[in-house]
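Here are some notes to read alongside the structure. Please keep the sequence open next to the picture as you go through the points.

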Amino acid sequence: MEKVIVVGGGLAGVRAVEALRSKGYEGALTLVSAERHRPYDRPPLSKAVLAGDSDDTTVDADWDALRCDLLLGERATGLRLYEPGHGGVLASTAGDLPFDGLVIATGATPVTLPGDGRQHVLRTIDDSRDLRSRLTEGARIVIVGAGWIGAEVATTAAKKGCRVTVVEAADTPLANAIGPEVGALTAPWYAEAGVELRTGVKVAAVEHGGLALAGGGRIDADEVVVGIGVRPDVSWLDGSGLLVRRGVVTDGSFRAHQGEDEPGTPRPDIVAAGDCAAWWSARYGRRLLVEHWDTALNAPAIAAASLLGQDAAYDAAPYFWSEQFGRMVQYAGNHAASERLVHRGDPSGRKWAVVWLTGDRLDAVLTVGRPRDLVQARRVIAAGTPVDPEAIADPDVPVRQAVR
């Protein structure tokens, strides 16, 4: 392999570049990024950058030592493939770029709402800086979506003295992420912060000066922020022959698959990592699409090893965190198929947790202000160690001591 292209200038892209070099790749290396900025970290965009506590989250990478050509402000537009193992050509705004190894790390793009009114999303540092300038005291800020991003933006906007309303189509915050029962436990945080939360409300369109609601009605706003999720940025792969189901279909080693129907055929010369990869998890027995920082940080090392012909597989339990309304909220695992929910502490307080169990197996944990619980639970989840359900329900018993 003599010419590798990494498509995508986010955290997954830069980590892929670093991993390729650290694992011995000596050939030509190019990173193509649609953004004009050097790769930077995204989690601070809805936290420190939006609050004005930071203005630069550039990833600390020695590009000279990495011997990587940066094509910034250039976008991938298509892909032409040769026979498996023989690479292809990346079509881009910088021209056709031949390769014999390809890393797809194009991330995701925010979902937006219909309408001709101005709507802000929070995906790039330019998005964050622009929105920050509009969070002025007394400004009417309406946020669509009471998910992780919506709650974080609401937190900052309220601190800046804005009049904040959060509109959520589901009946509780975070219903899709952690389920309505647990999501409902976070609803009181909004009122505590002076934020109006309106659940069960669907939006028809973003109009000039506010929102038009489904079924009639309107909410006036100086600024509208939309935080209703993201979609993998993979439309440029249309017609390429790669198998795409929401994200790029890969195996547990992040090798992209080719074909029209799953599972398709893995290609040894193309891998995908980060928000755009729909990878097979042996741990959970299904395909996962995890759009969080921890995966973008750690998955590229496995993808790079696979591209170089080394044996590697990724089977980490998902992990993410959020800072909202003065609370650190952390989650690890996957509770999609869990049998029951167990509370660990009083959710009306500032520090509590819940765990999801199947029999005596710990599937997932969500903690509020209990970082030690999170750290210990991640280890138990990773090891698959059985737990005592009664012991783990006691907040005074450390998680590590609740194992059987």
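The numbered points below take up a sheet, two helices and a single buried side chain in turn.

1. Before looking at details, please bear in mind that this is a predicted model, and that the residues are counted from 1 along the chain as its sequence is written.

2. The sheet to look at is an open one of 3 strands, which run in the order β12-β13-β14 and pair in the antiparallel sense. Its edges are formed by β12 (203–207) and β14 (218–220), each of which pairs on one side only. From one strand to the next, the twist averages 20°. As background, the strands of a sheet pair through backbone hydrogen bonds, and they may do so in a parallel or an antiparallel way.

3. Within that sheet, it is worth following one pairing residue by residue: β13, which covers residues 210–213, is joined to β14 over 3 bridges in the antiparallel sense. A good place to start is Gly210, whose bridge partner in β14 is Asp220.

4. Turning to helix α4, which spans residues 125–134, the residues to pick out are Ile125, Ser128 and Leu131, which are buried. Seen down the axis of α4, the buried residues fall within an arc of 130°, and therefore they line one face of the helix. What covers them? The elements that cover the buried residues of α4 include α2 (48–51), α5 (148–159) and β15 (223–226).

5. Helix α5, one of the elements covering α4's buried residues, is itself mostly covered, since 9 of its 12 residues are buried. The buried residues of α5 include Trp148 as well as Glu152, and also Gly150, Ala151 and Val153. The length of α5 can be checked too: at 1.5 Å a residue, its 12 residues should span 16 Å, and because its end C-alpha atoms are 17 Å apart, the two values agree. After α5 comes Gly161, which has a positive phi, near 85°.

6. The last point concerns Gln376, which lies in helix α10 (residues 371–383). Is Gln376 buried or exposed? Its relative accessible area is 9%, so Gln376 is buried, given that buried means under 20%. Leaving aside residues up to four places away in sequence, Gln376 touches Pro398, Val399 and Arg400. For Val399 there is a further detail, in that its backbone nitrogen lies 3.1 Å from a polar atom of the Gln376 side chain.

Note on methods: This is a predicted model: local features need pLDDT of at least 70, side-chain atom pairs count only at pLDDT 80 or more; totals for chains, interfaces and linings use all residues. Side-chain values use heavy atoms; hydrogens and water are left out. Two strands pair if DSSP finds at least two bridges between them. Helices (H or I, at least four residues) and strands (E, at least two) are DSSP runs, numbered from the N terminus. Axes are lines fitted to C-alpha atoms, for helices over the stretch in contact, and angles run from 0 to 180 degrees between N-to-C directions. Buried means under 20% relative accessible area, exposed over 50%, partly exposed in between (1.4 Å probe, protein chains only). The arc is that of the directions from the helix axis to the C-beta atoms. Contact means heavy atoms within 4.5 Å. The expected span of a helix is 1.5 Å times one less than its number of residues. A polar contact is a pair of N or O atoms within 3.5 Å; within protein, one must be able to donate a hydrogen and the other to accept it, and residues adjacent in sequence count only if both atoms are side-chain atoms.
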